[in-house]
Amino acid sequence: MSTPQPGPQSTSGAGEGAERRAPEDRGSWAMTAAQPMPGMSGWLAFGGWMLALVGVFNVIAGLTALLQPGYYVVTGGELLVFGFGAWGWIWLAFGALQVVAGAGCLAGQMWARMTGIALAGLAAIAHLAFLAAFPFWELVSIGLCVLVIYSLVVPPRNAVG
């Protein structure tokens with residue numbers, strides 16, 4: 001069995017000096033820090049998905065108000081403002097816009113973020129007017145709208161969108 005032989009030794013000492021130099025002395029090209037890539041924050045992704053989900057819920061509420069007005073129980077047959085037919089169209093429009101804005105938020109679009117914040121705020125106010133029809137669900141919807149607003153407002157500055 002043979003023992004491994006060391007490679008050729010340099011008598012000038014240049015090889016030894018190169019190995020002992022500090023990493024920052026070896027060359028700046030190898031030590032440059034990578035520039036951080038802006039990415040989507042977790043809150044922004046969450047807000048986009050929640051906005052789209054609340055939009056789908058509002059579309060379902062709109063279709064229910066249009067197709068089955070007897071589903072919601074209200075004394076006197078009227079809501080705080082408007083009737084079931086009007087609210088059906090309102091929720092259908094709000095829901096469709098929220099789904100589009102949610103998709104825009106997931107794509108990192110700033111316009112979608114601002115639109116989503118405005119739509120969630122308006123939807124939370126509108127859910128107050130629809131509160132007599134289905135109190136528990138409307139309170140849950142208001143809470144979801146507030147969560148959407150928070151999640152779209154809070155992402156860090158370096159986040160895309």
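Helices are taken here as DSSP runs of H or I at least four residues long, numbered from the N terminus. Methionine 114 lies in helix 5 under this reading. The model is a predicted one, and the description below proceeds from the overall fold to individual helices and then to selected side chains.

The chain contains six helices and zero strands. Its pattern along the sequence is accordingly written α-α-α-α-α-α. Of the 161 residues of the chain, 34% count as buried. Among contacts between residues at least 6 apart in sequence, 74% join residues at least 24 apart.

Helix 4 comprises residues 84-106. At 1.5 Å a residue, its 23 residues should span 33 Å, and the distance of 32 Å between its end C-alpha atoms agrees with that expectation. The buried residues of helix 4 include the aromatic residues Phe84, Trp87, Trp91 and Phe94. Gly88, Gly95, Gly102 and Gly104 are also among the buried residues of this helix, as are Leu92, Gln98, Ala101 and Cys105. The cover over these buried positions includes helix 3 (42-67), helix 5 (110-129) and helix 6 (135-153). Just after helix 4, glycine 108 adopts a positive phi of about 85°.

Helix 5 has 20 residues, for which a span of 28 Å is expected at 1.5 Å a residue; its end C-alpha atoms lie 29 Å apart, in agreement. Among the buried residues of helix 5 are Ala112, Ala120, Ala123, Ala124, Ala126 and Ala129. Arg113, Gly116, Leu119 and His127 are buried in helix 5 as well. Helix 3, helix 4 and helix 6 are included in what covers the buried residues of helix 5. Methionine 114, by contrast, has a relative accessibility of 46% and therefore counts as partly exposed, since that class lies between the buried limit of 20% and the exposed limit of 50%. Methionine 114 and valine 153 are separated by 39 residues in sequence, and their C-alpha atoms are 8.7 Å apart in space.

In helix 6, the expected span of 19 residues at 1.5 Å a residue is 27 Å, and the end C-alpha atoms are 27 Å apart, which agrees. The buried residues of this helix are Glu138, Ser141, Ile142, Leu144, Cys145, Val148, Ser151 and Leu152. They pack against helix 3, helix 4 and helix 5.

One buried residue of helix 6 carries a charged side chain. Glutamate 138, located in helix 6, is buried yet has no salt bridge. The nearest side chain of opposite charge belongs to arginine 113, 25 Å away. When residues up to four places away in sequence are not counted, glutamate 138 touches His127, Phe130 and Leu131.

Cysteines were also considered. Cysteine 105 has a relative accessibility of 1% and so counts as buried. Cysteine 145 is likewise buried, with a relative accessible area of 1%. With a disulfide taken as a pair of cysteine sulfur atoms within 2.5 Å, the count comes to zero disulfides.

The structure holds five aromatic pairs. One of them joins tryptophan 43 and tyrosine 150 in an edge-to-face arrangement, with 5.2 Å centre to centre and 90° between the planes. This pair links distant parts of the chain, as tryptophan 43 lies in helix 3 and tyrosine 150 in helix 6, 107 residues apart. Tryptophan 43 has a relative accessible area of 38% and is therefore partly exposed. Tyrosine 150, with a relative accessible area of 46%, is partly exposed too. A stacked pair is formed by tryptophan 87 and tryptophan 91, because their ring centres are 5.6 Å apart and their planes stand at 25°. Both of these tryptophans belong to helix 4, four residues apart, about one turn of the helix. An α-helix has 3.6 residues a turn, so residues three or four places apart point the same way. Tryptophan 87 is buried, with a relative accessible area of 4%, and tryptophan 91 is buried at 0%. Trp43 and Tyr150 also take part in an aromatic cluster with Phe46.

Conventions
Residues numbered from 1 in each chain as written. Predicted model: local features only at pLDDT ≥ 70, side-chain atom pairs only at ≥ 80, totals over all residues. Heavy atoms only, no water. Helix = DSSP H or I, 4+ residues; strand = E, 2+ residues; numbered from the N terminus. Expected span 1.5 Å × (residues − 1). Buried < 20%, exposed > 50% of the residue type's maximum accessible area, 1.4 Å probe, protein only. Contact = heavy atoms within 4.5 Å. Lys, Arg positive; Asp, Glu negative; His and termini not counted. Salt bridge = Lys/Arg side-chain N within 4 Å of Asp/Glu carboxyl O. Phe/Tyr/Trp six-rings, centres within 6.5 Å; stacked < 30°, edge-to-face > 60°.
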